[in-house]
Amino acid sequence: MSLMADSLPELMDHMSTALLILDDQLRLMQMNNAAEHLLEISGRRSKGQLMSDLIREGDEIIQVLQEALSLNQPYTARKASFGLHSNGEITVDYKIGTAHV
């Protein structure tokens with residue numbers, strides 16, 4: 001693994017923006033502290049879970065993620081709402097980017 005890849009989790013945790021890294025099956029590979037706080041879940045316990053299992057009422061977001069992945073295109077959404085497993089609900093702006101590693 002490169003020095004950059006080794007440093008990625010530490011760099012992510014210093015960001016105030018919630019960041020999730022998913023694989024091509026939409027399984028959680030990594031999330032930072034801001035994402036854990038926003039989604040009210042543990043990144044360590046959630047690693048490997050499908051994005052659809054991490055949020056409730058997120059069908060639209062899952063569809064957009066799948067489309068962005070298949071088209072290899074970025075996507076930005078404003079005021080998207082979905083449920084949390086803690087029974088809360090959040091409204092967020094989000095951006096999807098694709099990268100192949």
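Which residue's backbone oxygen lies 2.8 Å from a polar atom of the side chain of N32? That residue is T17, and the first close-up below shows the pair. Keep in mind as you look around that this is a predicted model.

**View A. N32, tucked away in a loop.** You'll find N32 in the loop between strand 2 and helix 2. Its relative accessibility is 0%, so N32 counts as buried. The side chain of N32 has a polar atom 2.8 Å from the backbone oxygen of T17. Skip the neighbours within four places in sequence, and N32 is in contact with M12, D13, M15, T17, A18 and L19.

**View B. E36 and the backbone of G43.** Now hop over to helix 2, where E36 sits. A polar atom of the E36 side chain lies 2.9 Å from the backbone nitrogen of G43. Not counting residues up to four places away in sequence, E36 touches M31, I41, S42, G43 and R44. How much of E36 is accessible, as a relative area? The value is 25%, so E36 is described as partly exposed. For a sense of scale, E36 and I21 are 12 Å apart in space, C-alpha to C-alpha, and 15 residues apart in sequence.

**View C. The largest nonpolar core.** This core has 22 residues. Which of them have the most contacts inside it? Look for L39, M51, L65, F82 and Y94. At least two core residues come from each of these elements: strand 2 (28-31), helix 2 (33-39), helix 4 (51-54), helix 5 (59-71), strand 3 (75-83) and strand 4 (89-96). Helix 5 gives the most, with five residues.

**View D. F82 and the company it keeps.** Here we zoom in on F82, one of the core residues with the most contacts inside the core. Leaving aside neighbours within four places in sequence, F82 is in contact with L39, I55, R56, E57, G58, I61, E89, I90 and V92. L39 is another name from that most-contacts list. Two more of the partners of F82, R56 and E57, come back in the last view.

**View E. The salt bridge between R56 and E57.** How many salt bridges does the count come to? The answer is one, and here R56 pairs up with E57. Their closest N and O atoms are 3.1 Å apart. Are the two partners buried or exposed? R56 has a relative accessible area of 24%, so R56 is partly exposed. E57 reaches 56% relative accessibility, and therefore E57 counts as exposed.

Terms used
Residues are numbered from 1 along each chain as its sequence is written. This is a predicted model: local features need pLDDT of at least 70, side-chain atom pairs count only at pLDDT 80 or more; totals for chains, interfaces and linings use all residues. Side-chain values use heavy atoms; hydrogens and water are left out. A salt bridge is a side-chain nitrogen of Lys or Arg within 4 Å of a carboxyl oxygen of Asp or Glu. Buried means under 20% relative accessible area, exposed over 50%, partly exposed in between (1.4 Å probe, protein chains only). A nonpolar core is a set of buried Ala, Val, Leu, Ile, Met, Phe, Trp, Tyr and Cys residues joined through side-chain atoms within 4.5 Å. Helices (H or I, at least four residues) and strands (E, at least two) are DSSP runs, numbered from the N terminus. Contact means heavy atoms within 4.5 Å. A polar contact is a pair of N or O atoms within 3.5 Å; within protein, one must be able to donate a hydrogen and the other to accept it, and residues adjacent in sequence count only if both atoms are side-chain atoms.
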